[in-house]
Amino acid sequence: MPPNLSSRETTLIIAALGLAALAIWGPFTPEPVGNHEFADRRVLLDLPFALDVLSNLAFGVAGLAGLRMLAALPPHAITNMQRAMAVLFFAGLLLTAAGSAWYHWDPDDAALAVDRTAMATAFAGLLGFAVGTQVSERAAAATGLALLLLGPLAVRTWSATGNLLPWSTLQAGGLAVVVWLGLLRRRFGAPDVRWSAVILACVAAKLFDMADHDVYRVTDGLVAGHALKHVAVAAAAWPVIAALAALRPQRQRREFATISRVSSPPLGGA
């Protein structure tokens with residue numbers, strides 16, 4: 001390793017190399033059987049899979065709220081790199097809202113590839129922002145750019161070969177990195193994001209997704225786990241938005257607190 005790397009940067013590089021090795025040389029992992037067979041198949045006003053489609057509005061709300069918050073921040077409230085990664089994250093959420101709604105309208109592998117590519121954009125921004133607050137500016141740039149390249153590459157690999165491992169490694173490995181970053185002391189002056197809440201939302205989303213049919217049965221057909229997954233993933237954006245809101249003047253923070261109580265999606269309700 002170059003001698004000017006910090007210990008955090010070195011650890012991040014080692015983790016990235018390990019995850020890359022797993023994605024390349026790990027065992028072939030096929031897509032789960034019945035991946036497109038969602039529990040809630042109800043039609044509303046000619047809209048198929050209505051709740052699975054409409055629940056993607058949560059991504060749009062979070063993305064727009066985040067971009068609005070960034071626009072209202074004083075110029076030097078965060079670094080340029082942190083701002084760039086936050087823009088990438090919130091813009092990625094808007095892309096995810098569109099891509100996921102498109103996929104759930106008529107689920108198939110081609111639409112799922114579009115959905116996952118959009119998610120990879122949001123994930124690149126989120127992880128890049130986390131690295132920017134906990135490690136360094138140059139590590140944030142490298143992380144965001146690498147994931148912008150590797151995310152679509154993992155999706156393309158799955159589309160061409162059926163091997164889901166690169167995509168799964170990117171998701172699970174990235175979340176593991178966020179867990180590690182959440183244990184570190186944040187950089188001086190960086191937004192104070194509650195990364196534990198972000199992680200909790202992502203874990204809840206995975207559990208809802210795995211229990212799609214079970215949740216639908218337990219709620220007597222009221223809602224399925226996959227729709228709740230969307231809301232939980234979108235909820236992961238709100239700790240980031242709240243940290244940015246804390247950097248605004250006191251009067252503006254009171255206004256945001258009022259807005260967030262009305263518009264923030266409940267975690268148990270993505």
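In this predicted model, Thr121 sits in helix H5. With a relative accessible area of 16%, Thr121 falls under the 20% cut-off and therefore counts as buried. Beyond its neighbours within four places in sequence, Thr121 is in contact with Leu88, Gly92, Leu95 and Leu148. Leu88, Gly92 and Leu95 of this set are spaced three or four places apart along the chain, and they belong to the stretch covered by helix H4 (80-105). A general point about helices is handy here: an α-helix has 3.6 residues a turn, so residues three or four places apart point the same way.

Helix H5 also matters for the picture of the interior. The largest nonpolar core has 57 residues, and those with the most contacts inside it are Phe89, Phe90, Leu93, Phe129, Trp195, Val240 and Leu244. At least two residues of this core come from each of helices H3 (57-72), H4 (80-105), H5 (109-134), H6 (137-161), H7 (165-182), H8 (195-210) and H11 (238-245). The greatest contribution is that of H5, which gives 12 residues. Phe90 offers a good view of how the core is put together: leaving aside neighbours within four places in sequence, Phe90 is in contact with Ala62, Gly63, Gly66, Leu67, Leu70, Val240, Ile241 and Leu244. A second core, separate from the one just described, has nine residues, among them Ala204, Ala205, Ala211 and Leu228.

Ala204 and Ala205 also appear among the buried residues of H8, which are Trp195, Val198, Ile199, Ala201, Ala204, Ala205 and Phe208. These buried residues are covered by elements including H5, H7, helix H9 (212-218), H10 and H11. As for its dimensions, H8 has 16 residues and spans 23 Å from its first C-alpha to its last, close to the 22 Å expected at 1.5 Å a residue.

Turning to charged side chains, the structure holds seven salt bridges. One of them joins the side chains of Arg138 and Glu9, at 2.7 Å from N to O. Arg138 lies in helix H6 and Glu9 in helix H1 (residues 7-25), so this pair ties together parts that are 129 residues apart in sequence. The two partners differ in their surroundings: Glu9 is buried, with a relative accessible area of 6%, whereas Arg138 counts as partly exposed at 44% relative accessibility.

In another salt bridge, the side chains of Glu31 and Arg116 meet at 3.1 Å, N to O. This pair links distant parts of the chain, with Glu31 in the loop between H1 and helix H2 (50-54) and Arg116 in helix H5, 85 residues apart. Here both residues are buried.

Helix H8 takes part in a salt bridge as well, through Asp209. The closest N and O atoms of Lys229 and Asp209 are 3.8 Å apart. Because Lys229 lies in helix H10 (residues 225-235) and Asp209 in H8, the pair ties together parts that are 20 residues apart in sequence. Asp209 counts as partly exposed, at 24% relative accessibility.

The loop between H1 and H2 deserves a second look for its backbone. Leu45 is found in this loop and has a positive phi of about 50° although it is not a glycine. Asp46, found in the loop between H1 and H2 too, has a positive phi of about 70° and is likewise not a glycine. Leu45 counts as exposed at 79% relative accessibility, and Asp46 counts as exposed at 72%.

Technical notes. Residues are numbered from 1 along each chain as its sequence is written. This is a predicted model: local features need pLDDT of at least 70, side-chain atom pairs count only at pLDDT 80 or more; totals for chains, interfaces and linings use all residues. Side-chain values use heavy atoms; hydrogens and water are left out. A nonpolar core is a set of buried Ala, Val, Leu, Ile, Met, Phe, Trp, Tyr and Cys residues joined through side-chain atoms within 4.5 Å. Buried means under 20% relative accessible area, exposed over 50%, partly exposed in between (1.4 Å probe, protein chains only). Contact means heavy atoms within 4.5 Å. A salt bridge is a side-chain nitrogen of Lys or Arg within 4 Å of a carboxyl oxygen of Asp or Glu. The expected span of a helix is 1.5 Å times one less than its number of residues.
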